[in-house]
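Please open the structure in your viewer and keep the sequence panel visible. The tour proceeds by selection, one stop after another.

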Amino acid sequence: MIKTKFNPILFPAFALLLLMPAGREMSPDDLFFSGLTQKLSHYHERFFAQKAYLMTDRFVYRAGEDLWFKGFVTVPAPGTPINYGEDFFIKLLNTNGEEIIYRRYPLTDNQSEGRLLIPKSTIPGKYWLVAYSGWMKNQCPREVYRKEILVSKYFEKRFHVEVLYDKLLYTAGDTLKAVAIITDPAGKVVPNVHYEYTAGTFGKTEIRGTGNTDVKGK
């Protein structure tokens, strides 16, 4: 019979190894959220939600004039091989939602530019420009880009201010950078004009200031 020699020095270390857990198993909640995160990431890659934007040469037109525009659409995550559409659509709607113009333009590097001829038969009033990409037909109709323009017999004597932001989404602590472009009713920039601005919520003003536009109307 072979007797095993007991080593009192190694016993505490062996007992400690037995007491140490081999690793915490993932709970059902952890597995659920992990799987949900993977599915959402996969969905975002396969079904990317595009956004369309439209810039026009001015905001007041007369019937029979050309409307010059430049359109943009957001791009998917870098490295995604899926094609997200090659067409850019523009519609001109009246206040009743009736279609006045419907045009399709090619997208090159997620941009499109061109002109629309406002029909001479257009009745003066407010109209909506609606812009969207071919891929956005898969999305909710409310996500299309809308911009109000005015068709008038005469140019109204008022300025137009368009604000361009450096990002679409901000979080607490971010710095917001914006460029305001001031134009007259004919679409020409207005240099060296004094302006005031405020920023805040509908019920409270957080920031207030003044300034002057530069030679480019910015």
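**First stop: Arg 208**

Select Arg 208, which is exposed because its relative accessible area is 65%, above the 50% cut-off for that class. Please bear in mind that this is a predicted model. Arg 208 lies in strand S12, which covers residues 205-212. Next, add Thr 198 to the selection: its C-alpha atom is 4.4 Å from that of Arg 208, although 10 residues separate the two along the chain. Tyr 197 should also be displayed, since Arg 208 is in contact with both Tyr 197 and Thr 198, neighbours within four places in sequence being left aside.

**Second stop: a nonpolar surface patch**

Now select Val 161, Val 163, Tyr 165 and Leu 176, which together make a nonpolar surface patch of about 380 Å². Leu 176 is located in the loop that links strand S9 (160-165) and strand S10 (178-183). With a relative accessibility of 49%, Leu 176 is classed as partly exposed.

**Third stop: a five-stranded sheet**

Finally, display the open sheet, in which five strands follow the order S2-S8-S7-S4-S5 with mixed pairing. Strand S2 (60-61) and strand S5 (99-106) are at the edges; each has a single partner strand, so one side of each lacks a neighbour in the sheet. Within the sheet, select strand S4 (residues 87-94) together with strand S7 (residues 125-133): they pair in the antiparallel sense over seven bridges. Which residue of S7 is the bridge partner of Phe 88? The partner is Ser 133.

Conventions. Residues numbered from 1 in each chain as written. Predicted model: local features only at pLDDT ≥ 70, side-chain atom pairs only at ≥ 80, totals over all residues. Heavy atoms only, no water. Patch = residues over 30% accessible without salt bridge, like charges linked within 9 Å, V, L, I, M, F, W, Y side chains within 5 Å. Areas by Shrake-Rupley, 256 points an atom, 1.4 Å probe, with all protein chains shown as cover. Salt bridge = Lys/Arg side-chain N within 4 Å of Asp/Glu carboxyl O. Helix = DSSP H or I, 4+ residues; strand = E, 2+ residues; numbered from the N terminus. Buried < 20%, exposed > 50% of the residue type's maximum accessible area, 1.4 Å probe, protein only. Contact = heavy atoms within 4.5 Å. Pairing = 2+ DSSP bridges.
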